[in-house]
Amino acid sequence: MRRHTVLIITLVFVFGCKDSSFEESSINIGTHSLRCISSPKEGPVVIFDAGLTETFDTWIPIMNKLASQAAVFAYNRGGYEGSDIGTLPRDSGREAAELFDLLRAANIKPPYILVGHSLGGLNMQVFAAEYKEKVKGIVLLDPPPLNWLLGNSFQELKKMAVSQSEQFKIMAEDAHAK
């Protein structure tokens with residue numbers, strides 16, 4: 001079935017579909033609110049997670065093409081455009097748990113087809129490992145290399161990730177001080 005999912009997504013990229021409009025909302029998951037967009041349809045839901053500095057806006061052109069064929073859903077992680085910062089520290093385990101809470105709060109029912117780019121790919125792998133019974137397939141676009149995750153290479157990416165984490169910490173401290 002996973003080959004079928006990849007084939008559908010590939011065909012949508014190649015042949016395209018008409019543009020769709022999305023429902024946009026901010027949903028409270030108990031600890032904070034997350035901004036998301038969706039185009040409801042019956043069947044499996046294709047869920048998108050963007051890279052380190054990206055928002056769901058990155059996915060809109062792809063979602064437009066896919067929405068006539070499948071239900072689609074994308075969100076901005078805690079601290080990203082329109083989403084509250086949420087609980088610190090921010091890591092893939094927390095991101096997976098928050099995505100699960102968001103899907104439940106938004107009444108988005110499984111099965112899920114996960115699509116993640118870069119950091120979003122790492123988050124989706126953690127989600128798939130944690131919630132196996134809810135996942136029908138996973139597509140990873142440029143996921144972080146294992147050597148980087150282990151801290152053995154790509155030091156420039158590590159510096160960028162540490163910098164982003166520090167920015168989130170400052171934002172969170174400022175938000176809680178107000």
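The protein chain in this predicted model holds six helices and six strands. Followed along the sequence, these elements come in the pattern α-β-β-β-α-β-α-β-α-β-α-α. Of the 178 residues in the protein chain, 42% count as buried. Among contacts between residues at least 6 apart in sequence, 71% join residues at least 24 apart.

**The sheet**

Let's begin with the strands. Six of them form an open sheet in the order β1-β2-β4-β3-β5-β6, and the pairing is mixed. Strands β1 (23-28) and β6 (135-141) stand at the edges; each has a single partner strand, so one side of each is left without a neighbour in the sheet. On average, neighbouring strands of this sheet are turned by 20° against each other, direction ignored.

Two of the pairings are worth a side-by-side look:

| Strand pair | Sense | Bridges | Example of facing residues |
|---|---|---|---|
| β1 and β2 | antiparallel | six | S25 and C36 |
| β5 and β6 | parallel | six | H117 and L141 |

The hairpin of β1 and β2 has four residues between the strands, and there G30 takes a positive phi near 110°.

A residue to find on screen in strand β2 is S39. Is S39 buried or exposed? With a relative accessibility of 9%, S39 falls under the 20% cut-off and therefore counts as buried. Leaving out residues up to four places away in sequence, S39 touches S21, F22, A67, A70, A71 and V72.

**Helices on the sheet**

Helix α3 (residues 92-105) packs on the sheet, where α3 touches β1, β2 (33-39), β3 (45-49), β4 (71-75) and β5. The direction of α3 makes about 130° with that of β4. Helix α4 (residues 119-130) lies across β3, β5 and β6, and α4 runs at about 150° to β5.

Now a closer view of α3. With its 14 residues, α3 reaches 20 Å from its first C-alpha to its last, close to the 20 Å expected at 1.5 Å a residue. At the N-terminal end, D91 acts as a cap for α3, with a side-chain oxygen 3.2 Å from the backbone nitrogen of G93. After α3 comes N107, whose phi is positive, near 60°.

Which residues of α3 are buried? They are S92, E95, A96, E98, L99, F100, L102 and L103, a list that includes polar side chains' positions such as E95 and E98. The cover over these buried residues includes β1, β2, β3, β4, β5 and α4.

**The nonpolar cores**

The largest nonpolar core has 22 residues, and I47, F73 and F127 have the most contacts inside it. Two or more residues each are given to this core by β2, β3, β4, α3, β5 and α4. Which element gives the largest share of this core? That is α3, with five residues.

One of the residues with the most contacts in this core, F127, can be traced further. Neighbours within four places in sequence aside, F127 is in contact with A96, L99, F100, L103, Y112, L114 and V135. Among these partners, A96, L99, F100 and L103 also appear in the list of buried residues of α3.

A second, separate core has 15 residues, including V46, L66, V72 and I113. V72 is also one of the residues that S39 touches.

Note on methods
Residues numbered from 1 in each chain as written. Predicted model: local features only at pLDDT ≥ 70, side-chain atom pairs only at ≥ 80, totals over all residues. Heavy atoms only, no water. Pairing = 2+ DSSP bridges. Axes fitted to C-alpha atoms, helices over the stretch in contact; angles between N-to-C directions. Contact = heavy atoms within 4.5 Å. Core = buried A, V, L, I, M, F, W, Y, C linked by side-chain atoms within 4.5 Å. Buried < 20%, exposed > 50% of the residue type's maximum accessible area, 1.4 Å probe, protein only. Expected span 1.5 Å × (residues − 1). Polar contact = N/O pair within 3.5 Å; in protein donor to acceptor, adjacent residues only side chain to side chain.
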